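Open the model in your viewer and keep the sequence panel at hand. The stops below say what to select and what to look for.

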Amino acid sequence: FTTTDGCVGDTVFFKNKSTVKNDKLINFFWNYGDGMDAIIKTDHGHVYSTAGVYTVRLVALSSYGFKDTVTKNLEVFDNPVLSLVYDPDTMVFDGEVIKVRPANVFDSMVWSTGAGQAEISLSQAGAYWVKVFDSHRCFTKEDFYLYFKEVKTIIKLVDDINKHKNLLAYVTLIFKEEYGEYFTFSGFTLWKSKFGGYQIGRAHV
């Protein structure tokens with residue numbers, strides 16, 4: 001029989017190439033080396049749940065009661081560990097761009113957008129995924145979602161933001177969200193983003 005190395009959770013295939021002269025093979029007994037056995041006459045696959053080196057044994061039985069045994073070793077590899085980095089975050093405001101990349105280096109990868117480079121830039125909300133492959137062609141897939149917060153319409157920017165720096169001593173914090181802080185004064189809202197910068201507009205509701 002022939003087989004190849006595999007990955008945890010993936011199917012390792014076995015091709016039975018047993019033959020006999022002047023007789024007929026009637027049964028095949030498989031031992032996969034992981035505590036699992038099977039009686040299968042055809043080509044098939046087996047899934048390993050743990051990485052390691054396994055000794056696979058095939059016993060062929062003929063109609064005359066003869067049998068022969070062959071063993072082969074195969075190795076099963078762990079799937080790569082994937083962690084994503086979001087720059088600046090998974091939630092930003094409309095018009096901004098989120099850059100996403102794996103924290104580690106992989107042999108190859110593919111994004112749900114069809115891109116194959118190590119880092120992509122995204123500007124639309126939605127569900128995405130990335131699949132990374134190591135040198136053994138083992139892979140890990142991760143799904144992620146990006147949010148883009150609608151920016152409130154700015155009435156007008158005050159002549160010079162510096163004129164209002166003194167008002168910061170009197171502002172009242174009305175609420176916080178993970179993407180920034182809002183302050184209100186004189187009927188207006190001063191937004192201070194954690195990514196830097198200020199904007200002035202009508203109070204948020």
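Select Phe14 and His44: in this predicted model, His44 of S5 is the bridge partner of Phe14. Now show the two strands whole. S2 and S5 run antiparallel and are paired over four bridges.

Stay on S2 and turn on its side chains. Which residues point to one face and are buried, and which point to the other? Val12 and Phe14 are on the buried face, while Thr11 and Phe13 point the other way and are not buried. In a regular strand the side chains alternate between the two faces of the sheet. Phe14 counts as buried because its relative accessibility is 2%, against a limit of 20%.

**Aromatic cluster**

Keep Phe14 and add Phe1, Trp30 and Tyr32. Ring pairs link these four residues into a cluster. The model has 11 aromatic pairs by the rule applied here. One of them is Phe1 with Trp30, an edge-to-face pair with 5.2 Å from centre to centre and 70° between the planes. Phe1 sits in the segment before S1 and Trp30 in strand S3, so this pair connects distant parts of the chain, 29 residues apart. Both partners are buried: Phe1 has a relative accessible area of 9%, and Trp30 has one of 1%.

Next, look at Phe14 against Trp30. How are these two rings arranged? The pair is tilted, because the planes stand at 50° with the ring centres 5.6 Å apart. Here too distant parts of the chain are linked, with Phe14 in strand S2 and Trp30 in strand S3, 16 residues apart.

**Thr2**

Move to Thr2, which lies in the segment before strand S1 (6-7). Thr2 is partly exposed, at 32% relative accessibility. Select its surroundings: beyond neighbours within four places in sequence, Thr2 contacts Phe13, Phe14, Lys15, Lys17 and Lys72. For Lys17, the C-alpha to C-alpha distance to Thr2 is 7.4 Å, across a sequence separation of 15 residues.

**Salt bridges**

Lys15, one of the contacts of Thr2, leads to the next stop. Side chains of opposite charge can pair when their charged atoms come close. How many salt bridges does the rule count? The count is two.

Select Lys15 with Asp43 for one of them; the N to O distance is 3.5 Å. Asp43 is in the loop between strand S4 (37-39) and strand S5 (44-47), and Lys15 is in the loop between strand S2 (11-14) and strand S3 (25-31), so the salt bridge ties together parts 28 residues apart in sequence. Asp43 is partly exposed at 42% relative accessibility, and Lys15 is partly exposed at 43%.

Then select Arg101 and Glu119, whose side chains form a salt bridge at 3.7 Å, N to O. Arg101 belongs to strand S10 (residues 98-102), and Glu119 to the loop between strand S11 (108-111) and strand S12 (120-122); they are 18 residues apart. Arg101 is partly exposed at 31% relative accessibility, as is Glu119 with a relative accessible area of 32%.

**Nonpolar cores**

From Glu119, go to Val100. Leaving aside neighbours within four places in sequence, Val100 is in contact with Leu84, Val85, Tyr86, Trp111, Ala118, Glu119, Ile120, Leu122 and Phe144. Val100 is also one of the 17 residues in the largest nonpolar core. Which members of this core touch the most others? They are Leu84, Val100, Trp111, Leu122, Val130, Phe144 and Leu146. S10, S11, S12, strand S13 (126-133) and strand S14 (139-149) are the elements that each give two or more residues to this core.

Another core lies apart from the largest one and has 15 residues, among them Val12, Tyr32, Ala60 and Leu74.

**Confidence**

Finally, colour the chain by pLDDT. The chain averages 81, and 73% of the residues score at least 70. Where is confidence highest, and where is it lowest? S5 has the highest mean, 98, and strand S15 (residues 172-177) the lowest, 37.

Select residues 165-188: pLDDT there is below 50, and this stretch has 46 contacts in the model beyond near neighbours in sequence. Residues 198-205 also stay under 50, with 27 contacts beyond four places in sequence. Where pLDDT is low, the predicted coordinates should not be read in detail.

Technical notes
Residues numbered from 1 in each chain as written. Predicted model: local features only at pLDDT ≥ 70, side-chain atom pairs only at ≥ 80, totals over all residues. Heavy atoms only, no water. Salt bridge = Lys/Arg side-chain N within 4 Å of Asp/Glu carboxyl O. Buried < 20%, exposed > 50% of the residue type's maximum accessible area, 1.4 Å probe, protein only. Contact = heavy atoms within 4.5 Å. Pairing = 2+ DSSP bridges. pLDDT = per-residue confidence, 0-100. Core = buried A, V, L, I, M, F, W, Y, C linked by side-chain atoms within 4.5 Å. Phe/Tyr/Trp six-rings, centres within 6.5 Å; stacked < 30°, edge-to-face > 60°.
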